Amino acid sequence: MESLSRAANSTKTADGRRSHKSFISFMQRAIERKTFLGKTGTARNYRATLRSFEKFSNGREVPLKGITQGVIEEYEAWLGRTTISSNSVSFYMRNMRAMYNRAVEARLTVDRAPFKKAYTRIEKTSKRAITLADIKRIKEVDLSAHPALDLARDTFMFLFYCRGMSFIDAAHLTRDHISGNELRYRRHKTGQQIRIGLNDYITGLIAKWHTLVPDNCYLLPIIHFPYARDYNRCKPERTLYESALRRTNKALKKIARIAAIPTTLTTYVTRHSWASIAKSKGIPTATISDALGHDSELTTQIYLASLSSDAIDRANSFILSDL
């Protein structure tokens, strides 16, 4: 890594001290600011990228002016040797580019276009939908003797009942999000306002688990689940959420084996599955916006936002009627 070595050597000043204009230091400050602003998702992405780049640089400092096309090419080649997917390579490159552009905007360095040839595309991944018959098997598995698995299964079903709701949104739902006969909330990812008509499936799960929610603060005990081995109420809320996501996906893999589901189950499978099942039932493409079939989630959101909430709820009822 000749380019990186030259860049790392240039971080030292004439008297041997480290320059304060290092890329890693700049990223650390950016992460701290995103965390302070409550942009925890972005901060987490930047933190993962920083850890990756630190491994690549083997702990050596790299000045902002040392982020050249040669260094980026070396980093991309290093990522390729770690057997991660092309989309993961793109993920790191896009985060690096965003950080570099921020440094340029702050006039801490001049733009040397180091990412001109970097891989930043996103390839379409294979669909992760399962069939309605698979959903039924998951729903009917008796897990009453295993509370952790039971909650993971019910969380999965709750997401499906709510039209493939994202896990982070479900985990943070409170009773304040219930308005009349609707769930009303804003997506963590986009801020889009979502309205979901309540039905017996949704209210049944809320009623089943409400006694385990401390202080009645959430609809489901996803974040605060007393039977979790790693649960400690004193931990930061974000840490509890991330533990809950890992715990739920790990439990879903066990449930898939029990229910003989050949697909790897994750919370995200519900979103693909709802869309796929809706399409198979002849629900208009405009209504589901071809679900996740669009090249960007923004397009899907625009389509869905243009339809009445009642139309989408009717489509949801049509799907759930077969359960």
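Leaving aside neighbours within four places in sequence, which residues is D150 in contact with? The first legend answers this.

**View 1. D150 and its surroundings in helix 7.** This is a predicted model. Leaving aside neighbours within four places in sequence, D150 is in contact with L143, K208 and W209. D150 sits in helix 7, which spans residues 147-161. Its relative accessible area is 8%, so D150 is buried. The cut-off for that label is under 20%. Two polar contacts involve the D150 side chain. One joins it to the side chain of R153 at 2.7 Å. Another reaches the side chain of K208 at 3.2 Å. K208 therefore appears both in the contact list of D150 and as a polar partner of D150, a pair that falls within the 3.5 Å limit for polar contacts.

**View 2. The largest nonpolar core.** This core holds 57 residues. Those touching the most other members are I135, F156, F158, F160, M165, L183 and L265. Helix 7 is the top contributor, giving nine residues to this core. A separate, second core has 27 residues, including I24, Y75, Y92 and Y100. In soluble globular proteins, nonpolar side chains tend to be buried together.

**View 3. L183 and what it touches.** L183 is among the core residues that touch the most other members. Set aside residues up to four places away in sequence. L183 then touches F158, C162, M165, L173, H177 and I178. Its list also includes I194, R195, I196, L198, I202 and L219. Two of these partners, F158 and M165, are named with L183 among the residues touching the most other core members.

**View 4. T248 in helix 10.** Helix 10 covers residues 237-258 and contains T248. Is T248 buried or exposed? Its relative accessibility is 8%, so T248 counts as buried. Not counting residues up to four places away in sequence, T248 touches A152, F167 and T267.

**View 5. The packing of helix 2 against helix 5.** Helix 2 runs over residues 23-36, and helix 5 over residues 86-105. Their axes lie 10 Å apart, at an angle of about 95°. The two helices are therefore roughly perpendicular to each other; that class covers 65 to 115 degrees. Helix 2 makes the contact with F23, F26, M27, A30 and K34. Helix 5 brings M96, M99, Y100, R102 and A103. By type, the contact has eight nonpolar residues, two charged and no polar. Y100, part of this contact, is also a member of the second core.

**View 6. R107 and A113 in the loop between helix 5 and helix 6.** The loop ahead of helix 6 (132-140) holds R107. A113 is found there too, between helix 5 and helix 6. R107 is not a glycine, yet its phi is positive, about 60°. A113 is not a glycine either, and has a positive phi of about 50°. Most residues other than glycine have a negative phi. How exposed is each side of this pair? R107 has a relative accessible area of 75%, so it is exposed. A113 stands at 36% relative accessibility and therefore counts as partly exposed.

**View 7. The whole chain, for orientation.** The chain has 14 helices and three strands. Of its 323 residues, 45% count as buried. Take contacts between residues at least 6 apart in sequence: 60% of them join residues at least 24 apart.

Conventions: Residues numbered from 1 in each chain as written. Predicted model: local features only at pLDDT ≥ 70, side-chain atom pairs only at ≥ 80, totals over all residues. Heavy atoms only, no water. Core = buried A, V, L, I, M, F, W, Y, C linked by side-chain atoms within 4.5 Å. Buried < 20%, exposed > 50% of the residue type's maximum accessible area, 1.4 Å probe, protein only. Helix = DSSP H or I, 4+ residues; strand = E, 2+ residues; numbered from the N terminus. Contact = heavy atoms within 4.5 Å. Axes fitted to C-alpha atoms, helices over the stretch in contact; angles between N-to-C directions. Parallel < 35°, antiparallel > 145°, perpendicular 65-115°, else oblique. Nonpolar A, V, L, I, M, F, W, Y, C, P; charged D, E, K, R; others polar. Polar contact = N/O pair within 3.5 Å; in protein donor to acceptor, adjacent residues only side chain to side chain.
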